[in-house]
Amino acid sequence: MTKKTKKAVEAVETRMNDLRRAELAAESAPDQEGTVSAIYAEKGFGWLRGVDGVQRFFHADACDTDLYKLKPGDRLTFKPVEAPKGPRAIEVRVEDVTED
């Protein structure tokens with residue numbers, strides 16, 4: 001393995017460990033409410049804004065609903081976490097879907 005490859009592997013392992021720590025910390029965090037602010041279903045992620053005003057990223061794997069069914073304004077509950085790249089939401093659950 002080259003030095004460059006080793007550094008890349010170490011960087012990925014560090015990010016994964018940081019995310020694991022954040023998710024473990026979130027297990028004891030209370031659920032928060034918020035609304036969908038943007039959905040990029042084709043890319044597999046979206047953004048939500050919590051009642052605290054913080055914009056948070058969430059991945060499709062963290063959501064209990066198909067992202068193609070979500071629209072801006074839909075109400076959600078989630079667990080907030082601080083991830084290496086910024087605020088993130090996990091265990092995202094849809095509470096209310098807006099009608100067209």
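## Briefing: salt bridges, paired strands and a nonpolar core

Let's start with a charged pair: Arg56 and Asp52 make a salt bridge, with their closest N and O atoms 3.8 Å apart. Keep in mind that this is a predicted model. A search of the whole structure turns up four salt bridges, and the largest nonpolar core holds 12 residues. Here's how the pieces fit together.

**Arg56 and its partners**

- Arg56 is a buried residue, at 5% relative accessible area, while its partner Asp52 is partly exposed at 40%.
- Arg56 also meets Glu82 in a salt bridge, this time at 3.7 Å from N to O.
- That second pair ties together distant parts of the chain, with Arg56 sitting in strand 3 and Glu82 in strand 4, 26 residues apart.
- Glu82 is exposed, with a relative accessible area of 53%, so it lands just past the cut-off of over 50% that counts as exposed.

**Lys79, Asp31 and a shared network**

- Lys79 and Asp31 bring their side chains together in a salt bridge of 3.2 Å, N to O.
- This one also spans distant parts of the chain: Lys79 belongs to strand 4, Asp31 lies in the loop between helix 1 (3–27) and strand 1, and 48 residues separate the two.
- Is Lys79 buried or exposed? Lys79 is buried, at 11% relative accessible area, which means it falls below the 20% limit.
- Asp31, on the other hand, is partly exposed at 43%.
- Through salt bridges with shared partners, Asp31, Lys79 and Arg93 end up in one network.

**How strands 1, 2 and 3 pair up**

- Strand 1 (residues 32–40) and strand 2 run antiparallel, with six bridges joining them.
- Val36 has Leu48 as its bridge partner in strand 2.
- These two strands form a hairpin with four residues in between, and Gly44 in the turn shows a positive phi of about 85°.
- On to the next pairing: five bridges link strand 2 to strand 3 (residues 55–59), again in an antiparallel arrangement.
- Phe45 finds its bridge partner in strand 3 at His59.
- The hairpin of strand 2 and strand 3 likewise has four residues between the strands, and here Gly53 is the one with a positive phi, near 90°.

**Two faces of strand 2**

- In a regular strand, side chains alternate between the two faces of the sheet.
- Strand 2 (residues 45–50) has Gly46, Leu48 and Gly50 on its covered face.
- Its uncovered face carries Phe45, Trp47 and Arg49.

**The nonpolar core**

- Nonpolar side chains tend to be buried together in soluble globular proteins.
- Which residues make up the largest nonpolar core? They are Val36, Ala41, Leu48, Phe58, Cys63, Leu67, Leu70, Leu76, Phe78, Ala89, Val92 and Val94.
- Strand 4 (75–83) and strand 5 (86–96) are the elements that give two or more residues to this core.
- Strand 5 contributes the most, with three residues.
- Val36 and Leu48, the bridge partners from strands 1 and 2, are both core members.
- Leu76, another member of the core, touches Gln32, Glu33, Gly34, Thr35, Val36, Leu48, Val92, Arg93, Val94 and Glu95, leaving aside residues up to four places away in sequence.

How values were computed:
Residues numbered from 1 in each chain as written. Predicted model: local features only at pLDDT ≥ 70, side-chain atom pairs only at ≥ 80, totals over all residues. Heavy atoms only, no water. Buried < 20%, exposed > 50% of the residue type's maximum accessible area, 1.4 Å probe, protein only. Pairing = 2+ DSSP bridges. Core = buried A, V, L, I, M, F, W, Y, C linked by side-chain atoms within 4.5 Å. Contact = heavy atoms within 4.5 Å.
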